[in-house]
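Trainee: I have a new structure open and could use a quick tour. Can we go through it together?

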Amino acid sequence: MALAARLVSRSRQLYSAQAALANGGATQVRLYAKEAAPGDRTPVNGDDLLKGIFFEVKKKFETALGVLKKEKITIDPDDPAAVSRYAQVMKTVRQKADLLSDSERIKYTIDTFTKGIPDARTYLNTLQEIRIKSGLIDDMGAEAMMMEALEKVEKEIKKPLLRSDKKNMGLLLAEFEKINKKLGIRKEDLPKIEEELELEIAKSELTELKKECVEAMEVQLKREEFKDEEMPDVKKLDIRNFL
């Protein structure tokens, strides 16, 4: 997953961060659970809120399980076709169960924790904290370059840069575009990068699933009633039969 972390750090997170900085955190993303109590509804108590969350999670789980019971998955992380198929099934699960993808989760985290921050400097410092806590690595030094760009703009305008200052925020975003160009990151490449990330995650998950299946079968074969049995080929297992 190291490569996946680098891909997110150098592409999707960078563009999500810059976009949120520019619009003051107003970017809307799908939440894991929809708003539980809009302002025009009667406030709910703690028990009702927990009950609502439980049923929401239960509904999503049952939806995901329903997809997995129908879709065929081949447990072969070494087969690109099997990996691609698994990634597509997981995408279908997320869409039908209304779950966030990894890139959407990054956007949601950034928007949530930077909402209401008035100035660009505090925003960038908060972004760094989010990255560190998420275990992501800024191996290209994008954060340092973004902070240097902010220093340049603030020196030019002779005051702290506020996110509501559209004119001078434009100066900062122009500097960010120079950084993106220097790093070789183009906005139009993000869909391809995200697809590569999803495939790497799918391969990692399939590898772990294969390992768990082999370990489970090895345990079973040690039992007396299965001592004469041969271990089946993991690739021929149909997990729909076990759900």
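**A walk through the model**

Mentor: Let's start with one residue, leucine 49. At 37% relative accessibility, leucine 49 counts as partly exposed. Leucine 49 is found in helix 2. Keep in mind that this is a predicted model.

Trainee: Which residues form the nonpolar patch on the surface?

Mentor: Leu49, Leu50, Ile53 and Val57 form that patch. Together they have about 340 Å² of accessible area.

Trainee: Let's zoom out. How many helices and strands does the protein chain have?

Mentor: Eight helices and zero strands. Along the sequence, the pattern reads α-α-α-α-α-α-α-α.

Trainee: And what share of the residues is buried?

Mentor: Buried residues make up 37% of the 243 residues in the protein chain.

Trainee: Switching to charges. How many salt bridges does the structure hold?

Mentor: It holds 12 salt bridges. As background, side chains of opposite charge can pair when their charged atoms come close.

Trainee: Give me one in helix 2.

Mentor: Take lysine 60 and glutamate 56. Their closest N and O atoms are 3.4 Å apart, and they form a salt bridge. The two sit four residues apart in helix 2 (residues 46–70), so about one helical turn separates them.

Trainee: Is lysine 60 buried or exposed?

Mentor: Buried. Lysine 60 has a relative accessible area of 6%, and the cut-off for buried is under 20%. Its partner, glutamate 56, counts as partly exposed at 26%.

Trainee: What about a bridge between two helices?

Mentor: Look at lysine 152 and glutamate 175. Their side chains meet in a salt bridge at 3.2 Å, N to O. Lysine 152 lies in helix 6 (residues 142–157) and glutamate 175 in helix 7 (residues 166–183), so the pair ties together parts that are 23 residues apart in sequence.

Trainee: Which of those two is buried?

Mentor: Glutamate 175 is buried, with a relative accessible area of 14%. Lysine 152 is partly exposed at 45%.

Trainee: Any salt bridge further along the chain?

Mentor: Yes. Aspartate 238 and arginine 240 meet through their side chains in a salt bridge, 2.7 Å from N to O. Aspartate 238 counts as buried at 16% relative accessibility. Arginine 240 counts as partly exposed at 29%.

Trainee: Which residues are joined into one network by salt bridges that share partners?

Mentor: Arg121, Glu151 and Glu154.

Trainee: What about isoleucine 239? Where does it lie?

Mentor: Isoleucine 239 lies in the segment after helix 8. It counts as buried, at 18% relative accessibility. Isoleucine 239 and glutamate 71 are 168 residues apart in sequence. In space, their C-alpha atoms are 9.5 Å apart.

Trainee: Got another pair like that?

Mentor: Try threonine 122 and leucine 162. They are 40 residues apart in sequence and 9.8 Å apart in space, C-alpha to C-alpha. Threonine 122 lies in helix 5 (residues 120–134). Threonine 122 is partly exposed, at 36% relative accessibility.

Trainee: Back to the surface. Which residues gather in a patch of negative charge?

Mentor: Glu208, Glu212, Glu215 and Glu218. Glutamate 218 has its place in helix 8 (residues 190–221). It is partly exposed, with a relative accessible area of 39%.

Trainee: New topic, rings. How many aromatic pairs does a search of the whole structure find?

Mentor: One. The rings belong to phenylalanine 54 and phenylalanine 55, with centres 5.5 Å apart and planes at 70°, so the pair is edge-to-face.

Trainee: Why does that angle count as edge-to-face?

Mentor: Because planes over 60 degrees apart count as edge-to-face. As for its cover, phenylalanine 55 counts as partly exposed, at 48% relative accessibility.

Trainee: Last topic, the backbone. Anything unusual there?

Mentor: First, some background. Most residues other than glycine have a negative phi. Aspartate 98 is not a glycine, yet its phi is positive, about 55°. Lysine 158 is not a glycine either, and its phi is positive too, about 60°.

Trainee: Where does each one lie?

Mentor: Aspartate 98 lies in the loop between helix 3 (80–97) and helix 4 (102–114). Lysine 158 lies in the loop between helix 6 and helix 7.

Trainee: Is lysine 158 buried or exposed?

Mentor: Exposed, with a relative accessible area of 72%. Aspartate 98, in contrast, counts as buried at 18%.

Key:
Residues are numbered from 1 along each chain as its sequence is written. This is a predicted model: local features need pLDDT of at least 70, side-chain atom pairs count only at pLDDT 80 or more; totals for chains, interfaces and linings use all residues. Side-chain values use heavy atoms; hydrogens and water are left out. Rings of Phe, Tyr and Trp (its six-membered ring) pair if their centres lie within 6.5 Å; planes under 30 degrees apart count as stacked, over 60 as edge-to-face and the rest as tilted. Buried means under 20% relative accessible area, exposed over 50%, partly exposed in between (1.4 Å probe, protein chains only). Patches are made of residues with over 30% relative accessible area and no salt bridge: like charges are joined within 9 Å, nonpolar side chains (Val, Leu, Ile, Met, Phe, Trp, Tyr) within 5 Å. Accessible areas come from the Shrake-Rupley method with a 1.4 Å probe; for residues, only the protein chains shown count as cover. A salt bridge is a side-chain nitrogen of Lys or Arg within 4 Å of a carboxyl oxygen of Asp or Glu. Lys and Arg count as positive and Asp and Glu as negative; His and the chain ends are not counted. The place of a charge is taken as NZ of Lys, CZ of Arg, CG of Asp or CD of Glu.
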